[in-house]
Amino acid sequence: MVKKLVFILLAMLLTVPMAEAAGGTFNYDLPSLSIRLRTVPLALSIMGPAMATQEQCLQYLLRRNPLPLLTVSPRQLVAYYYEEATREGIRPDVAFAQALHETGNFRYGGDVVPLQNNYCGLGTTGGGVKGAWFETAQIGVRAQIQHLVAYTATRRPVTEIVDPRYELVRRSANFAQAVSWTDLNGRWAVPGTTYGQKIMTIHQRILGGE
């Protein structure tokens with residue numbers, strides 16, 4: 001219980017409150033404590049350190065999908081997120097939560113197939129368009145992280161650019177305009193009015209060990 005409470009308090013200190021007008025209710029379920037917020041899940045900054053451990057991310061995935069469709073082991077994939085995102089200053093645990101949302105816990109079922117190593121729908125437009133293909137899982141993760149950098153920072157990524165849409169974002173009005181994950185609403189996902197909130201919900205569940 002104490003460990004969960006620490007995570008929650010840390011999250012509250014590092015987040016930006018959402019407008020109450022957005023509606024919705026979120027519960028932190030603890031054995032002897034229930035903090036009820038008349039709001040959607042809080043909007044956490046895209047840049048920053050991890051709040052969840054690699055093990056928490058891994059176990060969250062395996063509880064929901066014991067056999068994720070991946071070209072590497074689930075543990076290795078999580079490690080790639082922590083390596084690639086930390087290098088760029090992006091929160092690795094939330095980037096992983098974004099991938100969980102985009103792929104349906106790596107079950108897929110949409111236009112993207114597992115062999116693409118495309119964990120965030122890069123280049124997909126619907127109607128059977130499969131989007132980008134990446135040679136390895138690590139390169140696929142790197143592309144996702146670089147795409148996040150494009151939305152949140154004016155500097156270029158540390159590593160050679162592998163995101164095929166980085167320059168497209170750089171030339172757009174959305175370049176470096178997202179501070180929080182909910183700022184991706186209508187930018188990364190269109191219309192995507194609750195896109196960031198869905199990622200935040202997954203992240204909070206990872207922290208809570210759900």
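A residue counts as buried when its relative accessible area is under 20%, and as exposed when that value is over 50%. With that in hand, welcome to this predicted model.

## The chain at a glance

The chain holds seven helices and four strands. Following the sequence from its start, the elements come in the order α-β-β-β-β-α-α-α-α-α-α. Of its 210 residues, 49% are buried. Taking contacts with a separation of 6 or more, 58% join residues 24 or more positions apart.

## Two enclosed helices

Let us start with helix H5, which covers residues 137-152. Here 15 of the 16 residues are buried, so H5 is largely enclosed by the rest of the structure. Helix H7, residues 195-208, can be described in a similar way. Twelve of its 14 residues are buried, so H7 too is largely enclosed by the rest of the structure. Among the buried residues of H7 are Tyr195, Gly196, Ile199, Met200, His203 and Leu207.

The lengths of both helices can be set beside the span expected at 1.5 Å a residue.

| Helix | Number of residues | Distance between end C-alpha atoms | Expected span |
|---|---|---|---|
| H5 | 16 residues | 23 Å | 22 Å |
| H7 | 14 residues | 20 Å | 20 Å |

For H5 the two spans are close, and for H7 they agree. Just after H7 comes Gly209, which has a positive phi, near 70°.

## The nonpolar core

In soluble globular proteins, nonpolar side chains tend to be buried together. The largest nonpolar core of this chain has 53 residues, and the members that touch the most others are Phe106, Tyr119 and Trp181. Helices H2, H3, H4, H5, H6 and H7 each give at least two residues to this core. Which of them supplies the largest share of the core? That is H5, with eight residues.

Trp181 is a good residue to click on. Leaving aside residues up to four places away in sequence, its contacts include Leu44, Ile46, Ile90, Val94 and Leu148. Gly196, Ile199 and Met200 are also among the residues that Trp181 touches, and these three are buried residues of H7.

Leu184 sits in the loop between H6 and H7. Is Leu184 buried or exposed? Its relative accessibility is 0%, so Leu184 counts as buried. Beyond residues up to four places away in sequence, Leu184 touches Ile46, Gln98, Leu148, Tyr151, Ala178, Ala189 and Tyr195. The C-alpha atoms of Leu184 and Thr194 are 9.3 Å apart, with their positions ten residues apart along the chain.

## Backbone details in the loops

Most residues other than glycine have a negative phi, and most peptide bonds are trans. A few places in this model depart from that pattern.

The loop between H4 and H5 contains Asn105 and Phe106. Phi is positive in Asn105, near 60°, and Phe106 also has a positive phi, near 60°. Asn105 counts as buried because its relative accessibility is 16%. Phe106 has 0% relative accessibility, so Phe106 counts as buried as well.

Further along, Val190 and Pro191 are joined by a cis peptide bond, with omega about -5°. Pro191 belongs to the loop between H6 and H7.

## An exposed loop residue

Thr154 lies in the loop between H5 and H6. With 59% relative accessibility, over the 50% cut-off, Thr154 counts as exposed. Which residues does Thr154 touch, not counting residues up to four places away in sequence? They are Arg170, Phe175 and Ala176. Although Thr154 and Ala176 are 22 residues apart along the chain, their C-alpha atoms are separated by 5.5 Å.

## The largest pocket

The volume of the largest pocket is about 480 Å³. Its lining is made up of 23 residues, and those nearest the centre are Thr124, Tyr151, Arg187, Trp188 and Ala189. Two of these names have come up already: Tyr151 and Ala189 are both touched by Leu184.

Four helices, H4, H5, H6 and H7, each contribute at least two residues to the lining. Sorted by class, the lining has nine nonpolar, ten polar and four charged residues.

Key
Residues numbered from 1 in each chain as written. Predicted model: local features only at pLDDT ≥ 70, side-chain atom pairs only at ≥ 80, totals over all residues. Heavy atoms only, no water. Core = buried A, V, L, I, M, F, W, Y, C linked by side-chain atoms within 4.5 Å. Buried < 20%, exposed > 50% of the residue type's maximum accessible area, 1.4 Å probe, protein only. Contact = heavy atoms within 4.5 Å. Expected span 1.5 Å × (residues − 1). 1 Å grid on protein atoms, 1.4 Å probe; cavity = no way out; pocket = protein on both sides within 12 Å on 5 of 7 lines; lining within 4 Å. Points joined across faces, edges and corners; volume = space filled by probe spheres on them. Nonpolar A, V, L, I, M, F, W, Y, C, P; charged D, E, K, R; others polar.
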